[in-house]
Amino acid sequence: MMGTKRQRVVEPASSFFGTPPGPSFMYNPAPYAYVGQPPPFPVVKLRGLPFDCSEFDVAEFLHGLDIVDILFVHKNGKFTGEAFCVLAYPLQVDFALQRNRQNMGRRYVEVYRSKRQDYYKAIANEVYDTRVSSPRRTMPRSKAYDEGKDSAEHTGILRLRGLPFSAGKDDIIDFFKDFVLSEESIHFTMNSEGRPTGEAFVEFAGAEDSKAAMAKDRMTLGSRYIELFPSSSAEMDEALSRGR
């Protein structure tokens, strides 16, 4: 589960997108910046996010910064419009604060300086909220939405949406632990800049397996809802080619 691995992911020198930061002052703080004291934990809190926003939307809002993790805050299974964003370096917090009251869609988003303990407390609350909501915590969905998925033809390939950018192939394998998958059967999609989009394609042994795997639709990976869609080789190849 991602919830148990999150602290391992958050390393000050690691990038959320797997791309090392550039040599600019913006990304590399001077070694003497925090002489005699430990550098502050680089985390900000966002408030007023659209309720349909994704991690990709947050990454675009903070474009140019190295994001280590994004944690959406829920209460009683519902998104609160708040999120924590961990950055690669303390100096990047100041750049993130410059986005305060800028717009995401039609809503302006507030950006606050936050603390390590608030971020870890939010992680604990997300894990607790997931456990007490129900064994299968799901998002509300319409009958027409379900029928559309149920009637779709299965080819043995599923498209996943809503993945944490920090998710790895081992997390996908664990998510589908009732099925035999190899790392070669999992493909993450990238945008034109080579950054994760929060989507992936998974090739199962056959159509029967992919259809059975739809039982995991809108279940959680850590504290994230994962949406599953029947897909095809053509759709997968097209999506993967866009990131090359």
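Is R161 buried, exposed or partly exposed? The points below come back to this residue after a look at the whole chain.

1. This is a predicted model, and it may help to begin with the overall make-up of the chain. The secondary structure comes to eight helices and 10 strands, and of the 244 residues in the chain, 46% are buried.

2. Two further totals describe the chain as a whole. Among contacts with a separation of 6 or more, 74% are made by residues 24 or more positions apart. The surface that the chain exposes is about 12,900 Å², and carbon and sulfur atoms supply 52% of that area.

3. Five of the strands form an open sheet, in which the order is 2-3-1-5-4 and the pairing is antiparallel. Strand 2 (67–75) and strand 4 (102–104) each have a single partner strand, so that at these two edges one side of each strand is left without a neighbour in the sheet. From one strand to the next, the twist averages 35°.

4. One pairing in this sheet can be followed in more detail. Strand 2 and strand 3 (residues 78–87) run antiparallel and are joined by seven bridges. If you start from I67, you will find that its bridge partner in strand 3 is L87.

5. The next topic is charge. Side chains of opposite charge can pair when their charged atoms come close. In the whole structure, a search finds eight salt bridges, and one group of residues, K45, R47 and E82, is linked in a network of such bridges.

6. A salt bridge joins the side chains of D94 and R113, with a distance of 3.2 Å from N to O. D94 belongs to helix 3 (residues 91–97) and R113 to strand 5 (residues 107–113), so the pair, 19 residues apart, links distant parts of the chain. D94 counts as partly exposed because its relative accessibility is 37%, while R113, with a relative accessible area of 53%, is exposed.

7. R101 and E110 also form a salt bridge, and here the closest N and O atoms are 3.9 Å apart. E110 has a relative accessible area of 18%, and is therefore classed as buried, since the cut-off for that class is under 20%.

8. We can now return to R161, whose side chain meets that of E227 in a salt bridge of 2.9 Å, N to O. Because E227 lies in strand 10 (residues 224–230) and R161 in strand 6 (residues 157–161), the pair ties together parts of the chain that are 66 residues apart in sequence. The answer to the opening question is that R161 is partly exposed, with a relative accessible area of 31%, whereas E227 is buried, at 12%.

9. E227 has a further partner to consider, since the side chain of R218 makes a polar contact with the side chain of E227 at 2.7 Å. R218 is placed in the loop between helix 7 (207–213) and strand 9 (219–221), and with a relative accessible area of 6% this arginine is buried. A reader tracing the side chain of E227 in the structure should therefore look both for the salt bridge with R161 and for the polar contact with R218.

Conventions
Residues numbered from 1 in each chain as written. Predicted model: local features only at pLDDT ≥ 70, side-chain atom pairs only at ≥ 80, totals over all residues. Heavy atoms only, no water. Helix = DSSP H or I, 4+ residues; strand = E, 2+ residues; numbered from the N terminus. Buried < 20%, exposed > 50% of the residue type's maximum accessible area, 1.4 Å probe, protein only. Polar contact = N/O pair within 3.5 Å; in protein donor to acceptor, adjacent residues only side chain to side chain. Pairing = 2+ DSSP bridges. Axes fitted to C-alpha atoms, helices over the stretch in contact; angles between N-to-C directions. Salt bridge = Lys/Arg side-chain N within 4 Å of Asp/Glu carboxyl O. Contact = heavy atoms within 4.5 Å. Areas by Shrake-Rupley, 256 points an atom, 1.4 Å probe, with all protein chains shown as cover.
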